[in-house]
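Let us walk through a protein model together, one piece at a time. Please keep the picture and the sequence beside you as you read.

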Amino acid sequence: MKIYFAPLEGVTGHIYRNAYEEFYGKGRIDKYFVPFISPNQTNGFTAREQRDMNPDNNVNMPLAVQIMTNRADLFINAARLLYEKGYTELNLNLGCPSGTVTAKKKGSGLLMYPEELDALLDRIFSDPMVTGGEILVSVKTRIGKNSPEEWSQLMEIYNQYLIYELTIHPRIQKDF
């Protein structure tokens, strides 16, 4: 069994992760997830994101950076910047249920558009950093946006790609 430290925006930043690891984790946490970042056209990260992802602020803990986007170019650009910082696992967040996120076709909002989801994954998994194994891509998802019946089509899409790890929240977006 593996134990993962789930992200919680505004709570589980690097200070919290380090304190938890020091006092409770003590090497027993298999992976910590950084609360999601949303890459943009400027190819930069906010000051908070930079502090949270700074390798000096995350010593001796296995870390995966979670990315929230519906654009492959932004994911790939972020992947390159994060790889330069030493990160080798990125987690595509397709599970966030927030209304402001889903309205932008991000998080679980993208699950309603299987063709766009497939195109996003196709482009990400065709990138040389991913195909070459420098970057591992894991995915967090739900079983659908509006109905559990969406799951079979989503699983068909996921099965086409070499997803490193698939984390499934067994509920739909409306279940939060």
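**Strands side by side**

In strand E3, Val-65 is the bridge partner of Val-34. That pair is a good place to begin our tour of this predicted model. Strand E2 (31-37) and E3 are joined by four bridges, and the two strands run parallel. In general, the strands of a sheet pair through backbone hydrogen bonds, and the pairing can be parallel or antiparallel.

Now move across to the other neighbour of E3. Three bridges link E3, which covers residues 63-67, to strand E4, which covers residues 89-94, and these strands also run parallel. Here you can look for Ile-67, whose bridge partner in E4 is Leu-92.

With those pairs in view, step back to take in the sheet. It is an open sheet of six strands, in the order E1-E2-E3-E4-E5-E6, with parallel pairing. Strand E1 (4-5) and strand E6 (166-172) stand at the edges with a single partner strand each, so one side of each has no neighbour in the sheet.

Next, consider how the two middle strands we have met are covered. Are the residues of E3 buried or exposed? Five of its five residues are buried, so to count as buried each has under 20% relative accessible area. Leu-63, Val-65 and Ile-67 point one way from E3, while Ala-64 and Gln-66 point the other way. E4 is mostly covered as well, with six of its six residues buried. From E4, Glu-89, Asn-91 and Asn-93 point one way and Leu-90, Leu-92 and Leu-94 the other way.

**Helices around the sheet**

How many helices and strands does the chain have? There are seven helices and six strands. Reading from the N terminus, you will meet the elements in the order β-α-β-α-β-α-β-α-α-α-β-α-β. The radius of gyration of the chain is 16 Å, close to the 16 Å that the globule rule gives for 176 residues, so the chain is as compact as a globular protein of that length.

Helix H3 (residues 72-84) is a nice one to trace with your finger. H3 has 13 residues, and the distance from its first C-alpha to its last is 18 Å, close to the 18 Å expected at 1.5 Å a residue. Its buried residues are Ala-72, Leu-74, Phe-75, Ile-76, Ala-78, Ala-79 and Leu-82. Just after H3 comes Gly-86, with a positive phi of about 105 degrees.

Further along the chain is helix H7 (residues 151-158), which lies across E4, strand E5 (136-144) and E6. H7 runs at about 170 degrees to E5.

**A buried glycine and two exposed loop residues**

Stay with E5 for a moment, and find Gly-144 in that strand. Gly-144 has 0% relative accessibility, so it counts as buried. Which residues does Gly-144 touch, leaving aside those up to four places away in sequence? They are Leu-111, Glu-150, Leu-154, Arg-171, Ile-172 and Gln-173. You can also compare Gly-144 with Ser-108: these two are 36 residues apart in sequence, and their C-alpha atoms are 7.4 Å apart in space.

Now turn to two residues in loops. Lys-26 sits in the loop between helix H1 (14-25) and E2. Its phi is near 45 degrees, a positive value in a residue other than glycine. Lys-26 is exposed, with a relative accessible area of 54%. Asn-60 is found in the loop between helix H2 (47-53) and E3. Asn-60 has a phi near 60 degrees, again a positive value in a residue other than glycine. With a relative accessible area of 70%, Asn-60 is exposed.

**The chain as a whole**

Finally, zoom out. Along its principal axes, the C-alpha trace spans about 45 × 35 × 30 Å. Of the 176 residues in the chain, 46% are buried. The chain exposes about 9,100 Å², and carbon and sulfur atoms supply 53% of that area. Among the contacts with a separation of 6 or more, 73% are between residues 24 or more positions apart. One last look at the sheet brings us back to where we began, with Val-34 and its bridge partner Val-65 in E3.

Notes:
Residues are numbered from 1 along each chain as its sequence is written. This is a predicted model: local features need pLDDT of at least 70, side-chain atom pairs count only at pLDDT 80 or more; totals for chains, interfaces and linings use all residues. Side-chain values use heavy atoms; hydrogens and water are left out. Two strands pair if DSSP finds at least two bridges between them. Contact means heavy atoms within 4.5 Å. Axes are lines fitted to C-alpha atoms, for helices over the stretch in contact, and angles run from 0 to 180 degrees between N-to-C directions. The radius of gyration is taken over C-alpha atoms; the globule rule is 2.2 Å times the number of residues to the power 0.38. Buried means under 20% relative accessible area, exposed over 50%, partly exposed in between (1.4 Å probe, protein chains only). Accessible areas come from the Shrake-Rupley method with a 1.4 Å probe; for residues, only the protein chains shown count as cover. The expected span of a helix is 1.5 Å times one less than its number of residues.
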